[in-house]
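This report describes selected features of one protein model. The reader is invited to follow each feature in the sequence and in the structure displayed below.

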Amino acid sequence: MANLYSELEAPHSELPRPDRVMTIGAHPDDAEFGAGGTLAKWADGGTHVTILVISDGSKGTWDPSMGREELVASRAVEQRAAAETLGATDVIMLSHVDGELSNTRDLQEELCYWIRSVKPDVLFTHDPWKRYMLHPDHRAAGMAAIDAVVAARDHLFFPEQLRDGMQKHRPGAVCLWSADEIDHWEDISASFDVKVAALLKHSTQGPTTMGDAQTDQANLDAFAERLRRWSAETGAEPGYALAEAFKRLTP
Ligand SMILES: [Zn+2]
């Protein structure tokens with residue numbers, strides 16, 4: 001699988017469907033926004049999908065009456081429901097404090113462990129080099145994930161992990177969502193509706209990121225239409241009705 005991916009020239013479209021995929025996102029819902037259509041498409045074909053979320057989502061509300069513990073519990077339930085909608089097999093919640101992520105050696109070690117455990121053929125994460133990206137968690141999560149990819153492939157990084165059958169691991173491709181320089185597209189025309197349905201599972205995020213899509217049909221239609229228009233614009237260059245776009249790296 002790794003050789004197959006490395007022979008693809010950029011710009012390019014449509015990776016062969018991988019056996020195993022993993023996402024590393026800062027918050028619940030980042031993977032659905034960034035790659036939900038691609039994940040749903042591949043899961044439908046039989047790919048094993050693991051969604052890893054680094055933070056607990058505890059800053060994700062505009063509602064002053066929402067308590068922190070209530071929010072964290074809701075977001076974990078929402079993330080599992082969204083993953084189920086996409087057809088993902090596993091959800092891993094690392095439960096670090098939302099808004100306070102940084103690319104530390106401890107976080108790299110933790111992510112390296114999960115990459116070596118899950119053994120994804122393709123890994124999705126944030127583009128930490130995206131210019132003017134405001135959210136500090138997105139920058140930190142993307143950089144920690146990429147540093148962990150480098151560590152996971154070499155046996156001298158975190159060697160204490162490599163016992164009891166644990167092996168080093170190198171994904172065939174790393175795809176960065178919301179990328180600064182796009183060179184890879186996936187056709188999500190057939191899975192777009194599943195992406196929207198998965199996003200709607202994140203009910204607590206309705207007011208902040210989905211225009212109150214969960215509260216009435218007009219808002220829902222407007223949200224789906226906005227996402228559809230954006231996905232259509234994304235698909236124009238490769239000639240897909242609806243697409244997600246990425247920067248693809250070969251580790
Ligand atoms: Zn986020």
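## The zinc site

Donors are N, O and S atoms within 2.8 Å of the metal, and water is not among the atoms, so a site may look incomplete. The model discussed here is predicted. In this model, the zinc ion has as its protein donors H27 through ND1, D30 through OD, listed twice, and H138 through NE2. These donors lie 2.1 to 2.5 Å from the zinc ion. Along the chain, the donors follow the spacing H-x2-D-x107-H. The pair H27 and H138 links distant parts of the chain, being 111 residues apart. H27 belongs to the loop between β2 (20–25) and α2 (30–45), whereas H138 belongs to helix α5 (residues 136–153).

What is the geometry of the site of the zinc ion, given its four donor atoms? The angles among these donor atoms run from 56 to 130°, and the site is irregular. Four donors count as tetrahedral if all angles lie between 85 and 135 degrees.

Are the two histidines buried or exposed? Buried means under 20% relative accessible area. H27 has 7% relative accessibility and therefore counts as buried. H138 has 18% and therefore also counts as buried.

## Helix α2 and its partners

Helix α2 packs with helix α6 (residues 192–200): their axes come within 8 Å and cross at roughly 135°. The two helices are therefore oblique to each other, and α2 passes α6 in a right-handed crossing. On the α2 side, E32, F33, G36, G37 and A40 make the contacts; on the α6 side, V194, K195, A198 and L199 meet them.

Helix α2 also packs with helix α3 (residues 68–86), at an angle of about 40° and with the axes 8 Å apart. This pair, α2 and α3, is therefore oblique as well. Here E32, G36, L39, A40 and A43 of α2 meet Q79, A82, A83 and L86 of α3.

## Two residues with positive phi

Most residues other than glycine have a negative phi. Which value does phi of Y132 take? Phi of Y132 is near 60°, a positive value in a residue other than glycine. Y132 is found in the loop between β5 (122–126) and α5. Its relative accessible area is 78%, so Y132 is exposed.

S178 likewise has a positive phi, near 45°. The residue sits in the loop between β6 (173–177) and β7 (184–187). S178 has 43% relative accessibility and so counts as partly exposed.

## Two buried residues

H12 is placed in strand β1 (residues 12–13). With 7% relative accessibility, H12 counts as buried. Residues up to four places away in sequence aside, H12 touches D183, H184, W185 and R248. H12 and T38 are 26 residues apart along the chain, and their C-alpha atoms are separated by 15 Å.

M210 lies in the loop between α7 (206–209) and α8 (217–235). Its relative accessible area is 0%, so M210 is buried. Which residues does M210 touch, not counting residues up to four places away in sequence? They are F33, L199, L200, H202, Q205, F223 and R226. F33 and L199 also appear in the contacts between α2 and α6. M210 and E32 are 178 residues apart in sequence, yet 13 Å apart in space, C-alpha to C-alpha.

Key. Residues are numbered from 1 along each chain as its sequence is written. This is a predicted model: local features need pLDDT of at least 70, side-chain atom pairs count only at pLDDT 80 or more; totals for chains, interfaces and linings use all residues. Side-chain values use heavy atoms; hydrogens and water are left out. Donors are N, O and S atoms within 2.8 Å of the metal (3.2 Å for Na, K and Ca); water is not among the atoms, so sites may look incomplete. Four donors count as tetrahedral if all angles lie between 85 and 135 degrees; four count as square planar and six as octahedral if opposite donors are over 155 degrees apart and all others between 65 and 115; anything else is irregular. Helices (H or I, at least four residues) and strands (E, at least two) are DSSP runs, numbered from the N terminus. Buried means under 20% relative accessible area, exposed over 50%, partly exposed in between (1.4 Å probe, protein chains only). Axes are lines fitted to C-alpha atoms, for helices over the stretch in contact, and angles run from 0 to 180 degrees between N-to-C directions. Angles under 35 degrees count as roughly parallel, over 145 as roughly antiparallel, 65 to 115 as roughly perpendicular and the rest as oblique. A crossing is left-handed if the near helix is turned anticlockwise from the far one by less than a right angle, and right-handed if clockwise. Contact means heavy atoms within 4.5 Å.
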